[in-house]
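Biologist: I should be grateful for a close look at a single part of this model, namely one helix and what surrounds it. Please then follow the neighbouring elements outward, in one connected account.

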Amino acid sequence: MIVVTAPTGDIGHRVVQNLLHSGAPIRIVARDPSRLAEEVRARAEIVKGSHGDTGVLRKAFSGADAIFWLVPPDPKAASVAAAYVDFTRPATAALEEQGVRRVVSVTALGRGSSLADKAGFVTGSLATDDLITSTGVAFRGLAMPSFMDNIGRQAIAIRDQGKFFLPISGDLKLPSVATRDIAAVATRWLLDDSWTDQSEVPVLGPENISFNDMAGIISDVLGKAVSYQQISFDAYKARFVQFGFSDAMAQGMTDMAWAKDQGLDLTAPRTPENSTPTSFRQWCEETLKPAVLG
Ligand SMILES: NC(=O)c1ccc[n+]([C@@H]2O[C@H](COP(=O)([O-])OP(=O)(O)OC[C@H]3O[C@@H](n4cnc5c(N)ncnc54)[C@H](OP(=O)(O)O)[C@@H]3O)[C@@H](O)[C@H]2O)c1
């Protein structure tokens, strides 16, 4: 039995589809099962509730071989550690209690870097991995750069202003990955029951690309001029506060962006094995263009 958390999210819903396609038995933990596709409700076992809840996890992890673990966003959390590490504590207790053998988790690049302890959400994510691995469970931490899909959150600015904004240098080439590729890698590790050790698996997308490169590709795909504008870290943080983030979580986003600007995402060397296929152009054609054109 494979258990999937966050099954309505960008990555999670794709993991669910992939696993259903493979025919593997799956169990889903969902706060609101009505948000799942009808086919999913018909074919998967469902445990209703949050994967931050001890009682829910006890039921969800009972008899499970492998877990897909994803810490959900908590913009109003009192601290990054509360959002990541404290959220995951009930799961580590349930993993041990129910004797789960394998966990595949979505985490971030940066382990081993001198920036890792001042990188906001990434620092929280790496501490969460340490908590899970301390149980002794077999573990694959899928270590991510920024998702291409983050650019999609600026679809309205791209449509109305012809611009998108971040505090990272426009010419810095960094890895960038599509959520569909993350889901494909997660599915492979979940279906493979041959591994028993703990390791990190970088998932780097097809190439390193700058935000200025992205602006050129977006312009090409949309057939109109779109530019990237670097903003200050203060302005970046202020936007999150304006969206309703707690000060600590807005600071966590900002610290993460600062560390990425210092090269945090360049810590894992690119290899054919950790490169994934979806190009930024393909992602723009298939995901950004429909979002911008509505
Ligand atoms: N974006 C990046 O560039 C990046 C880079 C590296 C790592 N990451 C990591 O990737 C993860 C985000 O993945 P994603 O984009 O696939 O997420 P997402 O699309 O935002 O999905 C979040 C999921 O969590 C569920 N959820 C929200 N609040 C919850 C709660 N309190 N309890 C239980 N479930 C809850 C949502 O379901 P319902 O609302 O339907 O319940 C949804 O299924 C984060 O852990 C982040 O640290 C992101």
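Modeller: The buried residues of helix H11 are covered by elements that include helix H4 (80–98), H5, S7, S8, S9 and helix H10 (233–242). The model is a predicted one. The buried residues in H11 are Met 249, Ala 250, Gly 252, Met 253, Thr 254, Asp 255, Met 256, Ala 257, Ala 259 and Lys 260. H11 itself has 15 residues, 247–261, which at 1.5 Å a residue should span 21 Å; the end C-alpha atoms are 21 Å apart, so the expected and modelled spans agree. After the helix comes Gly 263, with a positive phi near 100°.

Two of the covering elements, S7 and S9, lead to a sheet. This is an open sheet of 3 strands in the order S7-S9-S11, and its pairing is mixed. S7 and S11 are the edge strands, each pairing on one side only. In general, the strands of a sheet pair through backbone hydrogen bonds, in either a parallel or an antiparallel sense. Between S7 and strand S9 (residues 174–177) the sense is parallel, over 2 bridges. Phe 147 is placed opposite Val 177 of S9.

The other edge strand, S11, leads to a further helix. Strand S11 (208–209) is among the elements that cover the buried residues of H9, together with helix H6 (149–152), helix H7 (155–161), strand S8 (163–166), strand S12 (227–230) and helix H12 (280–293). S8 thus appears in the cover of H9 and also in that of H11. The buried residues in H9 are Phe 211, Met 214, Ala 215 and Ile 218. These residues lie on the same side of H9, because they cover an arc of only 100° around the axis. The 12 residues of helix H9 (residues 211–222) should span 16 Å at 1.5 Å a residue, and the 16 Å between the end C-alpha atoms agrees with this. Just after H9, Gly 223 has a positive phi of about 70°.

H5 and S7, which help to cover H11, also take part in the surroundings of the ligand. Strand S5 (102–108), helix H5 (121–133) and strand S7 (146–147) each contribute at least two residues to the shell around the ligand. There are 26 residues around the ligand, of which Ala 6, Gly 9, Arg 31, Ser 50 and Pro 72 come nearest. The shell is made up of 12 nonpolar, 10 polar and 4 charged residues.

Ala 6, one of those that come nearest to the ligand, lies in the loop between strand S1 (2–4) and helix H1 (12–22). Ala 6 counts as buried because 24 C-beta neighbours lie inside 10 Å. Its phi is near 50°, a positive value in a residue other than glycine.

Two further alanines may be set beside Ala 6. Ala 37 belongs to the loop between strand S2 (26–30) and helix H2 (38–43). With 14 other C-beta atoms within 10 Å, Ala 37 is partly exposed. Ala 184 is located in helix H8 (residues 179–191). Ala 184 has 17 C-beta neighbours inside 10 Å and therefore counts as partly exposed. From Ala 184 to Ala 225 the C-alpha atoms are 33 Å apart in space, with the two positions 41 residues apart in sequence numbering.

Methods: Residues numbered from 1 in each chain as written. Predicted model: local features only at pLDDT ≥ 70, side-chain atom pairs only at ≥ 80, totals over all residues. Helix = DSSP H or I, 4+ residues; strand = E, 2+ residues; numbered from the N terminus. Expected span 1.5 Å × (residues − 1). Buried ≥ 20, exposed ≤ 12 C-beta atoms within 10 Å, placed from the backbone. Arc of directions from axis to C-beta. Contact = placed C-beta atoms within 7 Å. Near = placed C-beta within 6 Å. Nonpolar A, V, L, I, M, F, W, Y, C, P; charged D, E, K, R; others polar. Pairing = 2+ DSSP bridges.
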